[in-house]
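Reader: I have a structure to read and do not know where to begin. Could you take me through it?

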Amino acid sequence: MSIFTKIINGDLPSYKVAEDDNFIAFLDINPNAKGHTLVVPKKEENKIFDLSKEEYISLMDFSYRVAKALEKAVPCNRIGMSVIGLEVPHVHVHLIPTNIMADMQFTKKVELTNQEFVALAESIASNFS
Ligand code: 5GP
């Protein structure tokens with residue numbers, strides 16, 4: 001069982017920003033930038049292109065809605081998107097408020113307090129539709 005499935009099942013905490021029957025979005029615990037969000041299918045699949053085309057399109061649709069909310073909540077030049085999965089083998093889309101190229105490289109990290117995570121998650125969630 002992946003760490004993300006444990007979050008989905010409520011066995012581990014997360015700073016949740018959006019959820020429906022098939023997807024959940026929560027803040028990355030070790031963010032590249034403020035507002036770095038992960039969009040995750042509830043169905044545990046390792047690799048994104050092992051999803052069916054319908055599942056893939058639904059994931060992109062949900063990610064689009066989260067990105068729109070993120071753009072409103074976190075001022076930035078643009079929302080960058082990345083899919084890797086080398087650390088957590090459960091499909092997830094990284095949505096990263098980006099100003100400089102280094103924001104999209106997974107070497108530059110920002111530290112946030114619990115209060116900052118909570119406030120960010122609330123702000124993104126309140127803009128999600
Ligand atoms: P990837 O698998 O795409 O290389 O990266 C996995 C991402 O998941 C990393 O950005 C990492 O910070 C994040 N991550 C790993 N474990 C947890 C966790 O328990 N909670 C949250 N919210 N994010 C996590």
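**Reading the ligand site and the chain**

Author: Begin with the place of the ligand: in this predicted model, the ligand sits in the largest pocket.

Reader: Which residues come nearest to the ligand?

Author: A residue is counted around the ligand if one of its heavy atoms lies within 4 Å of it. Here there are 16 such residues, and Asp28, Gly85, Val88, His92 and His94 come nearest.

Reader: What classes of residue does the shell around the ligand have?

Author: Ten residues of the shell are nonpolar, four are polar and two are charged.

Reader: Which helix or strand gives the most to the shell?

Author: Helix H1 does, with three residues. Both H1, at 3-8, and strand S2, at 23-27, supply at least two residues each.

Reader: How do I read the polar contacts of the ligand?

Author: Look for pairs of N or O atoms within 3.5 Å. In the side chain of Asp28, an N or O atom is 2.5 Å from an oxygen atom of the ligand. Two other residues use the backbone: an N or O atom of Val88 lies 2.8 Å from a ligand oxygen, and one of Leu86 lies 3.4 Å from a ligand oxygen.

Reader: How much of the accessible area of the ligand does the protein cover?

Author: On its own the ligand has 530 Å² of accessible area, and the protein covers 88% of that.

Reader: What pattern does the protein chain follow along the sequence?

Author: The chain has three helices and five strands, in the order α-β-β-β-α-β-β-α. Its radius of gyration is 14 Å, close to the 14 Å that the globule rule gives for 129 residues, so the chain is as compact as a globular protein of that length.

Reader: What box do the C-alpha atoms fill?

Author: Along the principal axes, the box is roughly 35 × 30 × 30 Å.

Methods: Residues numbered from 1 in each chain as written. Predicted model: local features only at pLDDT ≥ 70, side-chain atom pairs only at ≥ 80, totals over all residues. Heavy atoms only, no water. Polar contact = N/O pair within 3.5 Å; in protein donor to acceptor, adjacent residues only side chain to side chain. Areas by Shrake-Rupley, 256 points an atom, 1.4 Å probe, with all protein chains shown as cover. 1 Å grid on protein atoms, 1.4 Å probe; cavity = no way out; pocket = protein on both sides within 12 Å on 5 of 7 lines; lining within 4 Å. Sits in = over half its atoms within 2 Å of the grid points. Helix = DSSP H or I, 4+ residues; strand = E, 2+ residues; numbered from the N terminus. Nonpolar A, V, L, I, M, F, W, Y, C, P; charged D, E, K, R; others polar. Rg over C-alpha atoms; globule rule 2.2 N^0.38 Å.
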